[in-house]
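Hi everyone, thanks for coming. I'd like to walk you through one model today, starting with a ligand and then moving to a metal site. Let me put it on the screen.

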Amino acid sequence: MKLTEIVRGASSIGISGHIRPDGDCTGSAMALFLYLKKICKDADIHLFLESRQDTMTDMKYLSQIDTSYEWEGSFDVFFALDTAKDRLGKAEAYFDGAKKTVNIDHHVSNQNGCAQINYVEPKASSTSELIYELIKADDNPLPLKERMDADIALAVYIGMIHDTGVFQYSNTTGRTLADAAELITYGFDFPRIIEETFYQKTYIQSQILGRALLESIQFMDGRCIVSCIDRKTMDFYGVNPADLDGIANQLRNIKGVDCAVFLYQTGLMEYKISMRSNDRVDVSRIASYFGGGGHVRAAGCTMKGTFHDCINNLSLHIEKQIGAKHD
Ligand code: 5GP
Ligand code: MN
């Protein structure tokens with residue numbers, strides 16, 4: 001796949017990622033947006049993402065993201081990043097109306113891609129890593145030094161650190177680390193970026209994390225842990241879903257835990273589920289069964305019913321996998 005070839009002759013290009021965008025989604029989409037602006041100077045290029053009170057403020061061009069989805073018309077080329085078409089939210093209409101569609105993703109649950117042109121690589125640490133590899137391998141008359149810059153490098157780096165937990169998770173490969181080593185040579189304050197976009201939490205985010213840990217329940221002899229934050233508690237603390245990022249990861253850090261499940265209420269009898277596992281459980285398989293998806297060690301879905309309905313249904317699947325490994 002060559003980016004320059006894909007966008008050749010296009011006068012309008014759209015880019016989007018999944019609903020509730022995370023660091024990799026925002027990073028990969030921003031990196032591709034900035035790159036295409038460099039190589040297609042005459043094209044009208046739009047980047048659509050849902051707005052989030054996020055910690056991505058270091059990205060200089062954040063204000064160029066269209067969060068209103070009011071643009072009318074159809075795109076010559078449309079890129080769906082870090083997801084299949086089903087989680088594009090309002091951008092799905094742009095995808096459906098585009099002349100040429102492209103899907104770049106690393107989710108194992110996105111099996112064959114959803115577009116005319118697909119690049120789905122589950123072994124990649126992040127969609128951002130795939131974008132950087134595509135930029136390097138692009139067939140463009142401009143030399144790489146002129147096609148890349150510190151802003152693109154920063155966007156890719158943010159995506160990588162978020163999806164790898166700062167190069168900690170098993171999705172980190174030699175290629176990820178080699179790419180990161182190249183990226184920091186473009187010159188940005190990476191220790192500060194890691195601290196501010198990944199580790200730092202607001203007071204409220206820390207309080208809700210504390211609450212989730214306090215009220216967590218262990219089951220299956222401590223091999224599973226679950227915690228749930230309901231609507232009333234979210235309203236009490238004044239938090240939105242983005243403030244709950246990282247809670248599932250913290251639950252997985254607890255010694256002896258094979259599988260961590262975090263739920264937050266999204267409606268009357270509706271919960272968003274985040275699952276994390278260590279080496280025993282394939283949570284992508286479980287999330288996919290319930291209509292969601294993700295990665296082997298981090299996945300999610302939305303479920304209907306009470307908290308107990310959700311956890312009873314999920315635990316049957318978790319138990320089956322943990323049990324199978326013990327036989
Ligand atoms: P998180 O638990 O942080 O929301 O998501 C973990 C991983 O699972 C991310 O890669 C995310 O994109 C994916 N994921 C979360 N929820 C869903 C969902 O409802 N459907 C799909 N396909 N993937 C999801
Ligand atoms: Mn990702």
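Let's begin with ligand 1, which has 13 residues around it, the closest being Arg-87, His-107, Lys-272, Ser-274 and Arg-276. A residue counts as near a molecule or strand if one of its heavy atoms lies within 4 Å of it.

Before I go on, a word on the ground rules. This is a predicted model, where local features need pLDDT of at least 70 and side-chain atom pairs count only at pLDDT 80 or more, while totals for chains, interfaces and linings use all residues. Residues are numbered from 1 along each chain as its sequence is written, chains are lettered from A and ligands numbered from 1 in the order in which they are written, and side-chain values use heavy atoms, with hydrogens and water left out.

Now, the polar side of things. In the side chain of Arg-87, an N or O atom sits 2.7 Å from an oxygen atom of ligand 1, and for the side chain of His-107 the distance to a ligand oxygen is also 2.7 Å. His-295 brings a polar side-chain atom to 3.2 Å from an oxygen of ligand 1. How much of ligand 1 does the protein bury? Taken alone the ligand exposes 500 Å², and the protein buries 81% of that; these areas come from the Shrake-Rupley method with a 1.4 Å probe.

Which elements give two or more residues to this shell? They are β9 (270–277), β10 (293–294) and β11 (298–304), and β11 gives the most, with four residues. Helices here (H or I, at least four residues) and strands (E, at least two) are DSSP runs, numbered from the N terminus.

On to the metal. The manganese ion, ligand 2, has as its protein donors Asp-24 (OD), Asp-82 (OD), His-106 (NE2) and Asp-163 (OD), lying 2.1 to 2.4 Å from it. Donors are N, O and S atoms within 2.8 Å of the metal (3.2 Å for Na, K and Ca), and water is not among the atoms, so sites may look incomplete. Along the chain, the spacing reads D-x57-D-x23-H-x56-D. Asp-24 belongs to helix α2 (residues 23–39) and Asp-82 to the loop between β3 (77–81) and α3 (92–97), so this pair ties together parts that are 58 residues apart in sequence.

Are these two buried or exposed? Asp-24 is buried, at 0% relative accessibility, and Asp-82 is buried with a relative accessible area of 0%. Buried means under 20%, exposed over 50%, and partly exposed in between (1.4 Å probe, protein chains only).

Note on methods:
A polar contact is a pair of N or O atoms within 3.5 Å; within protein, one must be able to donate a hydrogen and the other to accept it, and residues adjacent in sequence count only if both atoms are side-chain atoms.
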